[in-house]
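Me: I should like to learn how to read a structure that is new to me. May we go through it feature by feature?

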Amino acid sequence: DGPSSLFDKSVMATPVAAIKALLGVVQRSKATTMMGLQDELKQAREIMTKDFETKGDASTRGGSLIALSSGCDLFLKYVTRSFLELPDFEACRQEVLERGERFAGVSLAARDRIAQVAAD
């Protein structure tokens, strides 16, 4: 998915889209240290935030920006905690990818289930 379709709220919630985007950064990262990876993730967060600030519907931008920031902050804290649990950088990177994908999948399934229950 490209960035424009990734943040389509009809497809997935903004925080989940932010986490999926940051997972993409982790997958493509050439960093060899945790500090390097965190710097890349912070740069990606800044790019997404600036994009949200300049594009989209002004009436919903504030809520979306808060949701985006929340998703990014949650992911960055999670990455830091994972490194404390697994000090080997490559093992930590793989664990972040696996858990992040699992979290995104659970979040998407929960959103679908909530919509289904609400429709009944």
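**Reading the helices and their contacts**

Reply: Let us begin with one side of a helix. Met35, Gln43, Ile47, Lys50 and Thr54 are exposed on the other side of helix 3 from its buried residues. Please keep in mind that this is a predicted model.

Me: Which residues of helix 3 are buried?

Reply: A residue counts as buried when its relative accessible area is under 20%. In helix 3 that group consists of Met34, Leu37, Gln38, Leu41, Ala44, Met48, Thr49 and Phe52. Viewed down the helix axis, these buried residues fall within an arc of 135 degrees, so they line one face of helix 3.

Me: How many residues does helix 3 have, and what distance does it reach?

Reply: The span is taken from the first C-alpha to the last. Helix 3 covers residues 34-54, which is 21 residues, and reaches 30 Å. That is close to the 30 Å expected at 1.5 Å a residue.

Me: How many helices and strands does the protein chain contain?

Reply: The protein chain has five helices and zero strands. Read from the N terminus on, its elements follow the order α-α-α-α-α.

Me: What share of the residues in the protein chain is buried?

Reply: Of the 120 residues in the protein chain, 35% are buried. The area that the chain exposes is about 7200 Å², and carbon and sulfur atoms supply 59% of it.

Me: What share of the contacts joins residues at least 24 apart in sequence?

Reply: Here one considers contacts in the protein chain between residues at least 6 apart in sequence. Among these, 58% join residues at least 24 apart.

Me: Is Ser82 buried or exposed?

Reply: Relative accessibility decides the matter. Ser82 has a value of 1%, and therefore counts as buried. Its place is in helix 4, which comprises residues 58-85.

Me: Which residues does Ser82 touch?

Reply: Residues up to four places away in sequence are not counted here. With that condition, Ser82 touches Cys92, Val96 and Arg99.

Me: How many salt bridges are there?

Reply: To be counted, a side-chain nitrogen of Lys or Arg must lie within 4 Å of a carboxyl oxygen of Asp or Glu. By this rule there are six salt bridges. One of them joins the side chains of Lys20 and Glu101, with 3.6 Å from N to O. Lys20 belongs to helix 2 (residues 14-28) and Glu101 to helix 5 (residues 89-119), so the pair ties together parts that are 81 residues apart in sequence.

Me: What are the relative accessibilities of Lys20 and Glu101?

Reply: Lys20 is partly exposed, at 27% relative accessibility. Glu101 is likewise partly exposed, with a value of 36%.

Me: Which residues form salt bridges with Arg99?

Reply: Glu85 is one partner, and the closest N and O atoms of that pair are 3.4 Å apart. This pair links distant parts of the chain, as Glu85 is in helix 4 and Arg99 in helix 5, 14 residues apart. Glu95 also forms a salt bridge with Arg99, the closest N and O atoms being 2.6 Å apart. Because Glu95 and Arg99 are four residues apart in helix 5, about one helical turn separates them.

Me: Which residues are linked in a network of salt bridges?

Reply: The network links Arg81, Glu85, Glu95 and Arg99. Within it, Glu85 counts as partly exposed at 40% relative accessibility, and Arg99 counts as partly exposed at 24%.

Note on methods. Residues numbered from 1 in each chain as written. Predicted model: local features only at pLDDT ≥ 70, side-chain atom pairs only at ≥ 80, totals over all residues. Heavy atoms only, no water. Helix = DSSP H or I, 4+ residues; strand = E, 2+ residues; numbered from the N terminus. Buried < 20%, exposed > 50% of the residue type's maximum accessible area, 1.4 Å probe, protein only. Contact = heavy atoms within 4.5 Å. Expected span 1.5 Å × (residues − 1). Arc of directions from axis to C-beta. Areas by Shrake-Rupley, 256 points an atom, 1.4 Å probe, with all protein chains shown as cover.
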